[in-house]
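Here are some notes for a colleague who will be reading this structure at the bench. Please go through the points with the sequence and the model side by side.

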Amino acid sequence: MERHFELELEKLNKRLLKMGSLVYDQVHNALDALLACNIELAQQVIDTDNKVDKLDVKIDKLCQRIFALTQPVATDLRLIMSALKMNNDLERLGDLAVNISEKIEGISEYKEILTELHVDELANMADLIVKDVVNILHTRNTTFVKDIFTSASAIEEKVQSVSARILDEMMHKTEVIVVATNLMIILTQIDRIAGYSTNIAESIVFIVEGRMIKHKKAFSHGENSDNGSEAAPESEATPESNDNP
Amino acid sequence: MKEIKIRTKDLTLYYGAKMALNSITMDIPEKEVTAFIGPSGCGKSTFLRTLNRMNDLIPNVRVTGEVLVDSLNIYDKQIDVVNLRKKVGMVFQKSNPFAKSIFENVAYGPRINGINNKSKLEEIVETSLKKAFIWEEVKDRLNDSAMGLSGGQQQRMCIARTLAVEPEIILMDEPASALDPISTAKIEELIFELKKNYTIVIVTHNMQQAARVSDLTAFFYLGELIEFGKTKKIFTTPDKKHTEEYITGRFG
């Protein structure tokens, strides 16, 4: 009995890691495609999303089965509760990669704007935060969680400053309005990438330490914690924000 | 925080030379359900039995330390054990109806306490069976033998028999372990109802039952109290690694 249960948990952990790795690839490729305006790579991201969706369903079903058949408690309970949440957050990250990919064609005619407005820096930050959180999912080393919050705050600030510059461009150059609008949508997706990454980090803390840190503004992760990363996941909880391309 | 109903201080118990309980100090609050969990032989049933001195019946048992029920040490020489067991009732793993009618089973305790008035006894029997949620099932056959009841009904009748002598504390030693899931659910619902008026201490091997019915959970291992706290805490984030290993089935 015990051995069987351990195998089920091992399977769940493996699937979560597979999901993390698959979603990281999706985000990485989407951001690569953005910076290179590589339509082909963007299409590949869009086509691969069904793999993410299938794995999402598999993980949900596995969690449901473990809940129903083993009545988990303590650390097992926290793992399975969090697995459900993290699976959802990872699947959303996959959707964001698709959203970005779908907008790339719309900016390819004026791609210099990406470096001019430092969107490339922002893309690298977003890439890194997902890479780091997937790494923590693997190692369960929660000492690095506060770095995720710090990065998320930095991304949010950067998104705001880049958005302000894009608006400025739009006001002065009417020819960039379409491109700039697409770019604004991409920035929103990047902001959400940071938000979902902090959600996942919070879930990992819950698994490992049993502490629920979500909505706790006082979590020590730097000066900007009050208006920083943790505000992002809350704002994303609304259905319209998730469905919005 | 509720009033403390039972307080043990450094309670140690030996079966001959073997130490079965090692210096247990615990506060059990009134009108709450406290569950004792732990592997076989960990001392949980022994500890339960010290709370109404049922261990007195076992030869070579030596107890040190104190058990205070309403601040009175029940191991004091002046304590009347019969009165103590009236106040601290007990329900066992296997239902143990007397080979008498349902009515006589429930009326047994009040009778030996000197109540012989028929209408008074009828009133006690009806009230007790109602409190144990079995009245509707047996009200038309009170004079039938209690042995003809199903296992689950017998157990609820035994609870009614315990209630008939108006205890304040009910000790339950695996009260549902021999019952099917429906009877178990009835006993658990009954425990929920009873805790409004009684302090309940329950020993169970069924971890989920402890999680479902109790407010507080104590984990025992090798005669020691390892962890004692709110059930919702023990089953989500226990403090001790040992507790975690036991409740998640990774023990040993």
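1. In this predicted model, A:H118 is partly exposed, because its relative accessible area is 31% and the partly exposed class lies between 20% and 50%. The residue sits in the loop of chain A that runs between α4 (112-116) and α5 (119-139), and A:H118 has a positive phi of about 60° even though it is not a glycine.

2. A positive phi is also found at B:E174, where the angle is about 45° and the residue is again not a glycine. B:E174 belongs to the loop between β7 (169-173) and α7 (181-194) of chain B; its relative accessibility is 11%, and B:E174 therefore counts as buried, the limit being under 20%.

3. Which residues touch the most other members of the largest nonpolar core? They are A:L12, A:L34, A:I190 and A:I193, in a core that holds 73 residues. Two or more residues each are given to this core by α1 (2-36), α2 (39-70), α3 (74-104), α4, α5, α6 (145-172) and α7 (177-209) of chain A, and the largest share, 14 residues, comes from α7(A).

4. For A:I193, once neighbours within four places in sequence are left aside, the contacts are A:V27, A:L93, A:L96, A:I100, A:A126, A:I129 and A:V130.

5. Another core lies apart from the one that includes A:I193; this other core has 46 residues, among them B:V138, B:L149, B:C158 and B:A160.

Note on methods: Residues numbered from 1 in each chain as written. Chains lettered and ligands numbered in written order. Predicted model: local features only at pLDDT ≥ 70, side-chain atom pairs only at ≥ 80, totals over all residues. Heavy atoms only, no water. Helix = DSSP H or I, 4+ residues; strand = E, 2+ residues; numbered from the N terminus. Buried < 20%, exposed > 50% of the residue type's maximum accessible area, 1.4 Å probe, protein only. Core = buried A, V, L, I, M, F, W, Y, C linked by side-chain atoms within 4.5 Å. Contact = heavy atoms within 4.5 Å.
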